[in-house]
Amino acid sequence: MSVLIYAESAEGKFKKVALELASYAKKVAESLGTTVTAITVNAVNVSELGNYGVDKVLSVSNEKLSKFNAKAYADVVKQAAEKEGSKVVLLSSTTDSLYLAPLVAVSLDAGYASNVVALPISTNPFQVKRNAF
């Protein structure tokens, strides 16, 4: 089991938020005693993620995914989570990911917490602090 992140990219380059998410995921993984796996779509230099704590990268290259499609991307993340046996899936708080995250949660029959602002308070049960408006 590893912590899975969706590392967002644009035009083949990782967004800054993807690198921040990788660092956050590393700390979550350490508290769970596991590793970090990233799923990327059409990213070029995936080795960059290793500098931020990612242990393994699943890289998807597909021209049909060159434009964001939440349902298609949710399927990619779901397949990666199932392949890796991930119990924790982390996505950033960007517009695309806020649309994508609920679709991933439903497809995995999992819980969903948006706007998480700190490391987990507890890992058993899994509890996080989040902003609510």
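Begin at the second largest pocket of this predicted model, which encloses about 250 Å³ of space. Select its lining, which comprises 17 residues; Ser 9, Ala 10, Leu 65, Ser 66 and Tyr 73 are the closest to the pocket centre. By residue class, the lining divides into six nonpolar, five polar and six charged residues.

Stay with Ser 9, one of the residues closest to the centre of that pocket. Ser 9 belongs to strand S2, which covers residues 9-10. Display the side chain of Ser 9 together with the backbone of Val 41: a polar atom of the former lies 3.1 Å from the backbone oxygen of the latter. Neighbours within four places in sequence aside, Ser 9 is in contact with Phe 14, Lys 15, Val 41, Asn 42 and Ala 43.

Next, move to Glu 11, in the loop between S2 and strand S3 (13-14). Its phi is near 55°, a positive value in a residue other than glycine. Glu 11 is exposed, at a relative accessible area of 83%. A second stop of this kind is Asp 109, located in the loop between helix H3 (95-108) and S7. The phi of Asp 109 is likewise positive, near 55°, and the residue is not glycine. With 73% relative accessibility, Asp 109 is also exposed.

Now select Asn 124 and Pro 125 and inspect the peptide bond between them, which is cis, with omega about 5°. Pro 125 is situated in the loop that connects strand S7 (122-123) and strand S8 (126-127).

Turn then to the largest pocket, which holds about 920 Å³ of space. Its lining consists of 32 residues, and those nearest the centre are Val 89, Leu 90, Leu 91, Ala 113 and Val 116. To see which elements give two or more residues to this lining, colour helix H1 (16-32), helix H2 (70-84), strand S6 (88-90), H3 and S8. H3 gives the most, with six residues. The lining is made up of 20 nonpolar, nine polar and three charged residues.

The tour ends with salt bridges, of which the structure holds five. Three of them are visited here.

For the first stop, select Lys 16 and Glu 20, whose side chains form a salt bridge with an N to O distance of 3.9 Å. Both residues lie in helix H1, four residues apart, about one turn of the helix. Lys 16 is exposed, at 62% relative accessible area, whereas Glu 20 is partly exposed, at 46%.

Remain on H1 and select Lys 26, then add Asp 55: the closest N and O atoms of this salt bridge are 3.8 Å apart. Lys 26 lies in helix H1 and Asp 55 in the loop between strand S4 (35-41) and strand S5 (56-60), so the pair ties together parts that are 29 residues apart in sequence. Lys 26 counts as partly exposed, with 24% relative accessibility, and Asp 55 is partly exposed as well, with a relative accessible area of 45%.

Finally, select Lys 78 and Glu 82, where the side chains meet in a salt bridge at 3.7 Å, N to O. This pair lies in helix H2, and its members are four residues apart, about one turn of the helix. Glu 82 is partly exposed, with a relative accessible area of 49%; Lys 78, at 23%, also counts as partly exposed.

Key. Residues numbered from 1 in each chain as written. Predicted model: local features only at pLDDT ≥ 70, side-chain atom pairs only at ≥ 80, totals over all residues. Heavy atoms only, no water. Polar contact = N/O pair within 3.5 Å; in protein donor to acceptor, adjacent residues only side chain to side chain. Contact = heavy atoms within 4.5 Å. Buried < 20%, exposed > 50% of the residue type's maximum accessible area, 1.4 Å probe, protein only. 1 Å grid on protein atoms, 1.4 Å probe; cavity = no way out; pocket = protein on both sides within 12 Å on 5 of 7 lines; lining within 4 Å. Points joined across faces, edges and corners; volume = space filled by probe spheres on them. Nonpolar A, V, L, I, M, F, W, Y, C, P; charged D, E, K, R; others polar. Salt bridge = Lys/Arg side-chain N within 4 Å of Asp/Glu carboxyl O.
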